[in-house]
Amino acid sequence: MNLTLILFFGFVALLLLALGWALRKPRNARNLPSDPHDFLSKRVSRGALQRVRRDRRGIALAYLSALRGDFQNLLCMASVIAVLSPEVAAAHEFERLRLTTKFAWQYQMIRWKLMAGFAPLPQLDGLSALVSGLSVRMEVALKELGERAALTAELTSSMNRRGLSAV
């Protein structure tokens, strides 16, 4: 065998060993508890643990309140888009009512759970996804409305250049 080939395979073997060593679990990480509350409860006083829980609840409630504000702003934007768009049908209005009801229900359930001391993180994530989805839909609707407005302006402009009236 060629010396270059032997050196190449030796280098590859060293890299694989280094990768295996880098991917192993550190010894001290094996002893850590997986739940952060267990970690805190073993290392801080009961009062500090209650303060952490109260602070986390306050942060979650503030986030929930911000989500509600975002949702209300998006609903206002949806109503403006509905006024500006002639193609809005009753189905779109029904969808907006359905989303409002779903948001209000989930919002209150999560809020009550937070006030009771539970941490409904999956539900909070679901509510956030609902608001994000509505935001994306509003962005698409605004883009389509803008494209229609640009097309109308271009059509009107070309008609005026030819001396035609839009009426």
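The exercises below, each with a worked solution, deal with the predicted model shown above.

Residues are numbered from 1 along each chain as its sequence is written, and side-chain values use heavy atoms, with hydrogens and water left out. Because the model is predicted, local features need pLDDT of at least 70 and side-chain atom pairs count only at pLDDT 80 or more, while totals for chains, interfaces and linings use all residues.

**Exercise 1. The fold in outline**

State how many helices and strands the chain has, and what part of its residues is buried.

Solution. Begin with the secondary structure, where helices (H or I, at least four residues) and strands (E, at least two) are DSSP runs, numbered from the N terminus. The chain has 6 helices and 0 strands, and its pattern along the sequence is therefore written α-α-α-α-α-α. Next, take burial, which is defined by relative accessible area: buried means under 20%, exposed over 50%, and partly exposed in between (1.4 Å probe, protein chains only). Of the 167 residues in the chain, 17% are buried. Finally, consider contacts, meaning heavy atoms within 4.5 Å: among those with a separation of 6 or more, 69% are between residues 24 or more positions apart.

**Exercise 2. The aromatic cluster**

Describe how Phe-71, Phe-103 and Tyr-107 form one aromatic cluster.

Solution. Rings of Phe, Tyr and Trp (its six-membered ring) pair if their centres lie within 6.5 Å; planes under 30 degrees apart count as stacked, over 60 as edge-to-face and the rest as tilted. The structure holds 3 aromatic pairs. In one of them, Phe-71 and Phe-103 have ring centres 4.1 Å apart and planes at 5°, so this pair is stacked. Because Phe-71 belongs to helix H4 (residues 46-84) and Phe-103 to helix H5 (residues 90-115), the pair ties together parts that are 32 residues apart in sequence. The next step leads from Phe-103 to Tyr-107, whose ring centres are 6.0 Å apart with planes at 20°, so this pair is stacked as well. These two residues are 4 residues apart in helix H5, which means that about one helical turn separates them. As for accessibility, Phe-71 is buried at 2%, Phe-103 is buried at 4%, and Tyr-107 is buried at 7%.

**Exercise 3. The nonpolar core**

Find which residues touch the most other members of the largest nonpolar core, and which helix gives the most to this core.

Solution. A nonpolar core is a set of buried Ala, Val, Leu, Ile, Met, Phe, Trp, Tyr and Cys residues joined through side-chain atoms within 4.5 Å. The largest one has 20 residues, of which Leu-64, Phe-71, Phe-103 and Leu-127 touch the most other members. The elements that give two or more residues to this core are H4, H5 and H6, and H4 gives the most, with 8 residues. Leu-127 can serve as an example: leaving out residues up to four places away in sequence, Leu-127 touches Leu-64, Leu-67, Phe-103, Gln-106, Tyr-107 and Ile-110.

**Exercise 4. The salt bridges**

Explain which residues are joined into one network by salt bridges that share partners.

Solution. A salt bridge is a side-chain nitrogen of Lys or Arg within 4 Å of a carboxyl oxygen of Asp or Glu, and by this rule the count comes to 3. One of them joins Arg-98 and Glu-95 at 2.8 Å, N to O; these residues are 3 residues apart in helix H5, so about one helical turn separates them. Another joins Glu-95 and Arg-137 at 3.6 Å, N to O. Since Glu-95 lies in helix H5 and Arg-137 in helix H6, this pair ties together parts that are 42 residues apart in sequence. There is also a salt bridge between Glu-147 and Lys-143, at 3.8 Å, N to O, and these two are 4 residues apart in helix H6, which means a separation of about one helical turn. Here Glu-147 is partly exposed at 45%, whereas Lys-143 is exposed at 56%. The network that shares partners consists of Glu-95, Arg-98 and Arg-137. Within this network Glu-95 is partly exposed at 22%, Arg-98 is partly exposed at 38%, and Arg-137 is partly exposed at 41%.
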